[in-house]
Structures are given as C-alpha cells and as structure tokens.
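Me: I am new to this structure and would like to understand the words used to describe it. Could we take them one at a time, setting each value beside its definition?

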Amino acid sequence: MLKIEKLSKTYDTVSTPILSALDLVVESGQSVSIQGASGCGKSTLLSLIAGFDSPTSGSIAINDYCLRPVKDPAHEIDNNKSASLQSKYVDEFRKNELGIVFQSYNLFDCFNAWDNIAFTARLKGNYNKHYQTELMQQLNILQLAKKPISQLSGGEQQRCAIARALVHKPSLVLADEPTGNLDEATSQAVSDILFDVCRKMNTTLLVVTHSADVALKADNPLWLHAGKLFTDKALTTPWSHSP
Ligand SMILES: Nc1ncnc2c1ncn2[C@@H]1O[C@H](COP(=O)(O)OP(=O)(O)O)[C@@H](O)[C@H]1O
Ligand SMILES: [Mg+2]
C-alpha cells in the first residue's frame with residue numbers, strides 16, 4: 001500500500017511550491033495514472049516517492065517504509081539517524097520494493113539488454129532466468145538479449161526499461177511516461193503488459209503519461225494541477241468556459 005500525506009515540495013530556487021499538501025492512497029495491487037501539463041510536477045512526485053529527493057513536508061509510506069523530510073521536527077528519532085544510515089534505508093527500500101521506469105530509461109551502456117534487465121533481480125537476490133525470459137518474450141525484446149544497449153532503438157530501450165522495472169517482482173512500480181517513445185500500436189500493447197503484470201503480481205502501479213488511452217487503463221486516473229491531484233480534468237481548470 002502507498003500512502004502519501006500532506007506532501008509538499010518547494011525547490012530552493014523557486015518560491016512557489018511544486019507540490020502542495022498532496023494526499024494519495026493506493027491499495028496494494030491497484031493502479032493510478034497521472035496526467036498533467038509539462039512542468040506541473042509529475043516527475044518531481046515520482047522522484048520523492050522513489051526517495052531520490054526529500055519532501056519539504058509531509059510523508060510517504062510504502063508498506064513498512066516511511067520517507068519524510070530529512071529535517072522533520074516531528075520525528076526527532078529519524079532525524080538523529082546518521083546520513084549514511086538514512087541513505088542505506090532508502091537503498092534497501094528501493095532494492096526490495098521499487099521498480100522504476102525512468103523517463104530517459106537510465107540503462108547501463110556497458111551491459112547488454114539481458115544484463116540490464118537482470119540487474120534489479122540480481123541486486124535483490126531473486127534472479128530467475130525463466131521469469132525474465134517470459135517477460136522479455138511478452139515485451140518482444142527477447143531477440144535483443146545479447147545486443148549492447150547503444151544498438152537498440154529508443155522504443156526497444158523503453159521496453160528494456162519496463163522489463164527491468166518488473167523483473168524483480170517489486171511491490172510498487174513507478175513509470176514516468178513509459179510509452180512516450182513508442183508508436184500507437186506498440187504503446188497499447190506494452191502498456192497492456194505493464195498493467196497486466198502488475199495486476200497479476202499484486203504490484204501497485206503509478207504511471208505518469210500524456211496518453212489518454214494509457215491513462216484510462218488505470219483503476220484510478222488522476223490529474224496533477226497546482227500541486228494537487230484531481231479525479232477530473234475539468235476540476236483542474238481554474239476558469240469556466242461560459243458562452
Ligand atoms: N532540481 C530542481 N530544482 C529546481 N527546479 C526544479 C528541479 N527539478 C524540477 N524543477 C522544476 O519543477 C517543475 C516541475 O518539474 P517536473 O516534475 O520535471 O515536471 P513534469 O514531470 O510534470 O514535466 C518545473 O518547473 C521544473 O523546472
Ligand atoms: Mg516529467
């Protein structure tokens with residue numbers, strides 16, 4: 001289960017908050033899609049959930065893990081943990097619980113496709129050749145297993161990134177525009193696999209997307225606007241279109 005409470009994020013360089021007292025609860029195995037204008041804070045939200053950045057205030061709980069601001073007066077014990085302990089905690093959380101499809105893939109150039117995908121499972125200690133083969137077959141990338149990443153197209157790399165986010169059976173998958181580089185037909189097929197695998201594995205899924213079709217595959221399609229999440233695009237429009 002993912003539970004976000006009163007999450008706010010203000011970057012030092014900008015005075016207005018990017019996220020403002022944002023709340024979100026997603027039950028295990030449920031999916032949420034997030035749409036919103038460029039620059040509204042979608043990637044920021046995912047990077048806070050992934051523990052890459054610390055919120056200004058509020059909390060994010062994922063199963064037994066809870067991520068809070070680095071300096072939070074309400075939780076002195078957490079603040080007293082040394083910086084290295086805190087980063088170990090976040091590393092453990094990421095290794096065990098999280099699958100991430102980065103907007104820019106972030107695959108390793110020095111590994112072939114197979115080893116890139118196997119990376120998260122080897123790190124977690126649940127590498128399973130048969131499961132990886134099955135996933136790569138579903139995503140139609142098994143034939144690319146031995147190819148260096150630099151020889152793959154953007155769409156092929158995107159599918160490798162999706163496989164890598166799923167192969168270690170995480171409890172939460174964060175996908176930042178996971179079909180942004182795919183043609184319409186492949187986007188439909190690949191997003192179906194992403195949603196299906198997560199449903200089958202009882203994995204919670206958060207997808208940021210610009211595709212209305214992909215967004216509607218989620219149990220709970222949401223819109224991010226002015227730092228908060230809305231269930232309806234119309235509610236995010238601050239003016240009415242009266243004739
Ligand atoms: N590290 C940062 N420092 C300052 N501003 C940032 C940083 N990262 C993102 N921003 C700003 O925060 C806003 C939201 O960015 P982002 O979350 O990437 O938007 P989206 O993913 O919705 O397009 C943008 O205005 C962006 O310029
Ligand atoms: Mg983004």
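Me: What makes the pair formed by the side chain of T209 and the backbone nitrogen of S211 a polar contact?

Reply: A polar atom of the T209 side chain lies 2.9 Å from the backbone nitrogen of S211, and a polar contact is a pair of N or O atoms within 3.5 Å, where inside a protein one must be able to donate a hydrogen and the other to accept it, and residues adjacent in sequence count only if both atoms are side-chain atoms. This is a predicted model, in which local features need pLDDT of at least 70 and side-chain atom pairs count only at pLDDT 80 or more, while totals for chains, interfaces and linings use all residues. Residues are numbered from 1 along each chain as its sequence is written, chains are lettered from A and ligands numbered from 1 in the order in which they are written, and side-chain values use heavy atoms, with hydrogens and water left out.

Me: Why is T209 called buried or exposed?

Reply: T209 has a relative accessible area of 2%, so it is buried, given that buried means under 20%, exposed over 50% and partly exposed in between, with a 1.4 Å probe and protein chains only. T209 is found in the loop between β8 and α8, and helices (H or I, at least four residues) and strands (E, at least two) are DSSP runs numbered from the N terminus. Leaving out residues up to four places away in sequence, T209 touches I34, Q35, E177, V214 and A215, where contact means heavy atoms within 4.5 Å.

Me: How do you know whether S33 and S153 are buried, partly exposed or exposed?

Reply: S33 has 0% relative accessibility and therefore counts as buried, whereas S153, at 36%, counts as partly exposed. S33 sits in strand β3, residues 31-35, and a polar atom of its side chain is 2.9 Å from the backbone oxygen of A215. S153 belongs to the loop between α5 (129-138) and α6 (154-166).

Me: What makes the length of helix α7 agree with expectation?

Reply: The expected span of a helix is 1.5 Å times one less than its number of residues, so the 17 residues of α7 (residues 184-200) should span 24 Å, and the end C-alpha atoms are indeed 24 Å apart. At the N-terminal end, D183 caps α7, with a side-chain oxygen 3.1 Å from the backbone nitrogen of A185, and just after the helix N202 takes a positive phi of about 55 degrees. Among the buried residues of α7 are V190, L194 and F195, and the elements covering its buried residues include β3, α5 and β8 (204-208).

Me: What caps the N-terminal end of α4?

Reply: N112 does, through a side-chain oxygen that lies 3.2 Å from the backbone nitrogen of W114. The buried residues of α4 pack against α5 and α6, and just after α4, G125 takes a positive phi of about 95 degrees.

Me: Which residues are around ligand 1?

Reply: The residues around ligand 1 include Y11, T13, G41, K42 and S43, a residue being near a molecule if one of its heavy atoms lies within 4 Å of it. Oxygen atoms of the ligand lie 2.9 Å from an N or O atom in the side chain of K42 and 2.9 Å from an N or O atom in the side chain of S43.
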